[in-house]
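Dear colleague,

I am passing on a structure that you have not worked with before, together with some notes on how its parts are arranged. Please have the sequence and the model open while you read.

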Amino acid sequence: MHVLLIGSSFSAMPMLMALKARGFHVTTMGKHAGDPCHAYSDGAIFEDYSDKDALFDACQKHKFDFIVPTCNDYSYLAASYVAGMMNYAGFDRAEATQILHVKDRFRQFCEEAGIPAPRTYGHFNAQEPLNLAEFSGQALVKPVDSFSGRGVTRVSNVAEAIGAAKMAFSMSRTSAAVVEQFVDGGLHSHTSFIVDGKIVWHDFVDEFCEVYPYQVDRSSYPSRLSTAQKASVHSAMEKLVKELDLVNGLLHTQFIASETEFWIIECMRRCPGDLYGHQFKYAFAFDYEDAYISGFLGETPNLPTLSERTTQVERRIVSVDKDVPFFGAGLDAQGREVIYVPLKESGQKLGPAPFDKAAIVFFRGAKETSADGKAAQPIFLPAYGVP
């Protein structure tokens with residue numbers, strides 16, 4: 001059986017390895033010949049996978065049995081388009097896909113379905129007249145179709161929103177932006193797998209944005225959310241699954257929560273990047289990426305059973321806020337096991353977040369305690385340039 005993996009970066013490597021372990025013949029598609037997945041696949045197509053017509057032509061030519069999108073929206077949306085034309089497994093109807101992956105449509109759906117989400121003040125693009133209501137308080141101007149927090153600006157009035165539009169347009173393939181309410185609270189993710197219209201496994205991760213304000217660069221498992229908060233978010237996701245009639249597979253959600261409220265920020269059916277799933281692998285040996293590819297192979301995922309035994313895992317993205325010649329990164333493990341995944345070599349240029357990163361680091365186990373018996377405070381020395 002022949003599978004096309006739509007993406008070739010380091011984040012796609014666990015999916016490639018999972019497919020190879022199952023015995024599939026795997027071709028990777030990505031325009032950068034030096035990407036790691038190309039070196040380990042059975043074949044490579046050096047084209048831009050976000051070009052849906054190029055992807056369609058490749059699928060027609062090679063007659064792949066299955067296609068598997070990887071870790072960004074461009075991969076998933078192009079794959080969804082082709083799946084609609086060629087009846088590949090694992091994809092929702094086109095309307096549901098657009099609702100989930102286009103920000104202004106998702107906000108409208110949440111409002112109509114009664115799912116808590118930030119209010120939308122308006123949207124506009126580079127060609128059409130401004131359609132933006134007056135607002136009070138803080139708001140975020142976002143591209144309607146970008147990822148990793150790219151092109152997001154926090155504003156406090158309409159004039160600032162208009163000024164921020166240029167940045168949002170530059171990160172949007174459709175030159176379109178949405179202006180939405182800024183909500184204050186902690187950032188978290190709810191990740192789940194759907195089988196036969198129901199969520200059959202789910203879990204939560206606490207997330208933090210410490211270098212670039214709209215891109216996660218630290219996460220912690222297990223989550224410290226209360227049982228009541230978890231139940232409320234999970235209930236909202238079950239409602240979303242039912243309303244959109246989602247097919248089997250992953251549903252991943254980011255949300256902001258205060259002590260009394262929560263707001264859904266975005267949902268996606270693609271795999272989150274930066275080795276997100278390895279948090280569960282190192283916590284309780286769950287092969288998250290293998291479960292993810294199952295939906296696109298027409299199979300039921302192999303999911304873990306609930307267990308109270310789990311290992312604490314912290315994930316760190318090594319990044320900087322300006323261009324530097326990367327030299328190294330200092331890490332204080334505080335007595336924990338360290339799994340270091342390098343993405344840069346010493347001497348290479350490291351660009352600012354959210355466009356570049358030097359490494360992904362996992363700290364596994366409990367932190368050492370201080371003399372007073374309390375857990376030591378986190379210490380992390382980030383990437384730095386040559387002095």
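In this predicted model, four strands make up an open sheet whose order is S3-S2-S1-S4, and the pairing within it is parallel. The edges of the sheet are formed by strand S3 (43–45) and strand S4 (66–69), each of which pairs on one side only. Between neighbouring strands of this sheet there is an average turn of 25°, with direction ignored.

At the S3 side, the partner is strand S2, which covers residues 25–29 and pairs with S3 in the parallel sense over three bridges. Within this part of the sheet, Thr 27 has Gly 43 of S3 standing opposite. As a general point, the strands of a sheet pair through backbone hydrogen bonds, and they may do so in either a parallel or an antiparallel way.

On the other side of the order, helix H4 (residues 73–86) lies across strand S1 (2–6) and S4, and runs at about 155° to S4.

A further contact joins two helices: helix H6 (residues 103–113) packs with helix H8 (residues 227–244) at an angle of about 105°, and their axes are 12 Å apart. Because angles of 65 to 115 degrees count as roughly perpendicular, H6 is roughly perpendicular to H8. From H6, the residues Phe 106, Phe 109 and Ala 113 meet Lys 239, Leu 240, Glu 243 and Leu 244 of H8. Sorted by class, this contact of H6 with H8 has five nonpolar and two charged residues, and no polar ones.

With best regards

Definitions and conventions. Residues numbered from 1 in each chain as written. Predicted model: local features only at pLDDT ≥ 70, side-chain atom pairs only at ≥ 80, totals over all residues. Heavy atoms only, no water. Pairing = 2+ DSSP bridges. Axes fitted to C-alpha atoms, helices over the stretch in contact; angles between N-to-C directions. Contact = heavy atoms within 4.5 Å. Parallel < 35°, antiparallel > 145°, perpendicular 65-115°, else oblique. Nonpolar A, V, L, I, M, F, W, Y, C, P; charged D, E, K, R; others polar.
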